[in-house]
Amino acid sequence: MRCLVLAVGRCRDRPILELVERYRSRLPWPLELAEVEGATADPQRRRSEEGRALLARLAREDLLVALDERGEALGSLDFARRLGRWRDEGRRVVFAVGGADGLDPAVIARADLVLALGRLTLPHELARLVLVEQLYRAHCILAGHPYHRA
């Protein structure tokens, strides 16, 4: 399994970074974390720059999951099943986390799945943490580990 969490903006919150690393270190497969930024002050131009930077990090064969509050809301079991299928396909799975202005429409259009972590809007730092915890939870579900008790 190869995964990349590709996020807009820098996470400077030490407790969040520590929690992300805690879940990341529990995964039996490598999880790469990368950040991109837009430099323009204008929100529309910045979102477009961020979108180009995100898309530039993708390979043609990558499976892209765009995180967006208007996306499909999956439960942990359904997310684990999808992750298991993606793992079996052997493609790298890239999760795109937008910045304050959301993801550029070009990123949404390229996505194989638009995924909502819930209907609430989350700061990008918390979205990363929730995503990485859910990746660990999905691994545990697929492995039959008791971490997920639902």
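A residue counts as buried here when its relative accessible area is under 20%. By that yardstick Asp-62, with a relative accessible area of 3%, is buried. Its salt-bridge partner, Arg-92, makes the cut as well, since its relative accessibility is 15%. The model is a predicted one, and this pair is a handy place to start reading it. The side chains of Arg-92 and Asp-62 meet with an N to O distance of 2.6 Å. Arg-92 sits in the loop between helix H3 (76-89) and S4, while Asp-62 sits in the loop between helix H2 (43-56) and S3, so the salt bridge ties together parts that are 30 residues apart in sequence.

Right after that loop comes strand S4 (93-97), and it is mostly covered, with 5 of its 5 residues buried. In a regular strand, side chains alternate between the two faces of the sheet. For S4, that means looking at each side in turn: Val-93, Phe-95 and Val-97 are buried on one side, and Val-94 and Ala-96 are buried on the other. Both faces of the strand are thus covered.

As for pairing, S4 has strand partners in S1 and S3. Strand S1 (residues 3-8) runs parallel to S4 and is joined to it by 5 bridges. Within that pairing, Leu-6 has Ala-96 as its bridge partner. Strand S3 (residues 63-73) also runs parallel to S4, again with 5 bridges. Here Leu-67 stands opposite Val-97. Both of the S4 residues named in these pairs, Ala-96 and Val-97, are among the buried ones, on opposite sides of the strand.

Past the end of S4, the loop leading to helix H4 (105-110) holds Asp-104. This one is a bit of an oddity to look at: Asp-104 is buried yet has no salt bridge. The nearest side chain of opposite charge belongs to Arg-47, 4.4 Å away. A salt bridge calls for a side-chain nitrogen within 4 Å of a carboxyl oxygen, so the pair does not qualify. Arg-47 still shows up among the contacts of Asp-104, together with Ser-48 and Gly-51, once neighbours within four places in sequence are set aside.

Back to the salt bridges, of which the structure holds 18. Helix H3 supplies one between Arg-81 and Asp-78, with the closest N and O atoms 2.7 Å apart. Being 3 residues apart in H3, the two are separated by about one helical turn. Both ends get some solvent: Arg-81 is partly exposed at a relative accessible area of 46%, and Asp-78 is partly exposed at 39%. Glu-89 and Arg-91 meet in another salt bridge, at 3.6 Å from N to O. Glu-89 is partly exposed, with a relative accessible area of 48%, and Arg-91 falls in that class too, at 29%. Elsewhere, salt bridges link up into a network that takes in Arg-10, Glu-35, Glu-37 and Arg-128.

The surface also has a nonpolar side to it. Leu-117, Leu-120, Leu-122, Leu-126 and Val-130 form a nonpolar patch there, with about 400 Å² of accessible area together. Leu-117 is placed in the loop between strand S5 (113-116) and helix H5 (124-143). Its relative accessible area is 33%, which makes Leu-117 partly exposed. Patch members need over 30% relative accessible area, so Leu-117 clears that bar.

Terms used:
Residues are numbered from 1 along each chain as its sequence is written. This is a predicted model: local features need pLDDT of at least 70, side-chain atom pairs count only at pLDDT 80 or more; totals for chains, interfaces and linings use all residues. Side-chain values use heavy atoms; hydrogens and water are left out. Patches are made of residues with over 30% relative accessible area and no salt bridge: like charges are joined within 9 Å, nonpolar side chains (Val, Leu, Ile, Met, Phe, Trp, Tyr) within 5 Å. Accessible areas come from the Shrake-Rupley method with a 1.4 Å probe; for residues, only the protein chains shown count as cover. Helices (H or I, at least four residues) and strands (E, at least two) are DSSP runs, numbered from the N terminus. Buried means under 20% relative accessible area, exposed over 50%, partly exposed in between (1.4 Å probe, protein chains only). Lys and Arg count as positive and Asp and Glu as negative; His and the chain ends are not counted. Contact means heavy atoms within 4.5 Å. Two strands pair if DSSP finds at least two bridges between them.
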